Amino acid sequence: MRLSLRPLHHSHHSFALFSIPITTHLRRAMATATNPADPITASNTRLGWIGTGVMGQSMCSLLLKAGYTLTIFTRTKSKAQPLLNTGAHWAESPRSVAAQSDVVFSIVGYPSDVRHVLLHPSSGALSGLRPAGTLVDMTTSDPSLAVEIHFAAAAAGCHSVDAPVSGGDAGARNATLSIFAGGDQFVVSRLNPIFALLGKVNYMGGPGKGQFTKLANQITIASTMVGLVEGLIYAHKANLDLSKYLDAISTGAAGSRSIDLYGGRILRRDFKAGFYVNHFVKDLGICLKECQNMGVALPGLALAQQLYVSLKAHGEGDLGTQALILALERLNNMSLESKEQA
């Protein structure tokens, strides 16, 4: 038996027709590990995780330290080895992760990756998830895709939450992430014991609202990063001590999380990715697409996106977002490094 579903029209988005097999879910109904009415604890809830990159690695470590049973999948198994060494279990596919889990988290690169790991009919997580199971996508992705996943999960007797995060690699390590959750409020509330291990959850509304919040967050960060690197370029030209300059402005009105996280890294020429340029370009591209759909003009966003695209054009897509300084250095035919070494 198969159930065909065309999701209801939502705002200006439309969603493709898809078909969800439900016989497998029905056969697994009696194998439910957790009563949905019970509070989530490490003893009654099995977790799955898809994507153990810069962010996922640290977030999984926090869950393991809290005593949760964790089954993981990532494209390159060797990158998951530190987690396997500390107690995580390996699965060969997203479907296999879901078959062994009550709640499945994903944090991957692009919306196309989200669609593949969650909705692929034979290998996706939803195809292996038990009834009443929950998908939690923490990737920054299309709001329309989040709504589509919500409908697909509902058709399979499951739940879905879009829960992208902000805070970078430091936030993931220190459990200080801001989590923007969209979906059914009772589902988000039930997940609070898990979210609390990773940071602070903010319920933003129905399906897709977490993604819309994250996109607004990225718009804010983009312009803040431009301001940060332009200030450094100006301070350099004014022959200021850049370390003293950052210390001085960080406690005033110009202070920001971006200065705290990235100011020192820029001066040390530390461009290791806490968040990849490639992924930020993806995020800003989604923002621009949504702006076009909404009829909103955000010129600062467009400028920042073009500057980050220029980093990609120079082969710097795998650097961190603080590498934006390189684009401004090229525009001005100068380098902060020369003064720091002088």
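## Helix packing around H11, with one cavity and one pocket

Helices H11 and H15 are roughly perpendicular to each other (a class for angles of 65 to 115 degrees, with under 35 counted as roughly parallel, over 145 as roughly antiparallel and the rest as oblique). The model is a predicted one, in which local features need pLDDT of at least 70 and side-chain atom pairs count only at pLDDT 80 or more, whereas totals for chains, interfaces and linings use all residues. Residues are numbered from 1 along each chain as its sequence is written, and side-chain values use heavy atoms, without hydrogens or water.

The axes of H11 and H15, the latter spanning residues 299-313, cross at roughly 65 degrees and come within 9 Å (axes are lines fitted to C-alpha atoms over the stretch in contact, with angles from 0 to 180 degrees between N-to-C directions). On the H11 side the contact (heavy atoms within 4.5 Å) is made by Ile 219, Ala 222, Ser 223, Met 225 and Val 226, which meet Gly 300, Leu 301, Ala 304, Leu 307 and Tyr 308 of H15. By class, this contact has 8 nonpolar and 2 polar residues, and no charged ones (Asp, Glu, Lys and Arg count as charged, Ala, Val, Leu, Ile, Met, Phe, Trp, Tyr, Cys and Pro as nonpolar, and the others, Gly among them, as polar).

Helix H11, which covers residues 209-237, also packs against H14, residues 277-294, where the two axes come within 10 Å and cross at roughly 110 degrees (helices are DSSP runs, H or I, of at least four residues, and strands are E runs of at least two). With that angle, H11 is roughly perpendicular to H14. Phe 212, Leu 215, Gln 218, Ile 219, Ile 221 and Ala 222 of H11 make this contact with Phe 280, Asp 283, Leu 284, Ile 286, Cys 287, Glu 290 and Met 294 of H14, and these residues divide into 10 nonpolar, 1 polar and 2 charged.

A further partner of H11 is H16, residues 324-332, which packs at an angle of about 45 degrees with the axes 9 Å apart, so H11 is oblique to H16. In H11 the residues involved are Met 225, Val 226, Val 229, Glu 230, Leu 232 and Ile 233, and in H16 they are Leu 324, Ile 325, Leu 328, Glu 329 and Asn 332. Their classes are 8 nonpolar, 1 polar and 2 charged.

| Helix pair | Axis angle | Axis distance |
|---|---|---|
| H11 and H15 | roughly 65 degrees | within 9 Å |
| H11 and H14 | roughly 110 degrees | within 10 Å |
| H11 and H16 | about 45 degrees | 9 Å |

Turning to internal space, the structure holds 2 cavities of 30 Å³ or more (on a 1 Å grid, a cavity is a set of points where a 1.4 Å probe fits but cannot get out, and lining residues have an atom within 4 Å of a point). The largest cavity contains about 70 Å³ (the space filled by probe spheres set on the points), and among its 13 lining residues Ala 146, Ile 149, Ser 160, Val 161 and Asp 162 are the closest to its centre. Helix H7 (143-155) and strand E8 (159-162) each supply at least two lining residues, and H7 gives the largest share, with 4 residues. The lining divides into 5 nonpolar, 5 polar and 3 charged residues.

The second largest pocket (an open set with protein on both sides within 12 Å along at least five of seven lines) has a volume of about 220 Å³. Its lining consists of Val 54, Ser 58, Asp 169, Arg 173, Arg 265, Asp 270, Lys 272, Ala 273, Gly 274, Tyr 276 and Gln 322, with helices H2 (54-65) and H8 (168-174) as the elements that give two or more residues. By class, this lining has 5 charged, 3 polar and 3 nonpolar residues.
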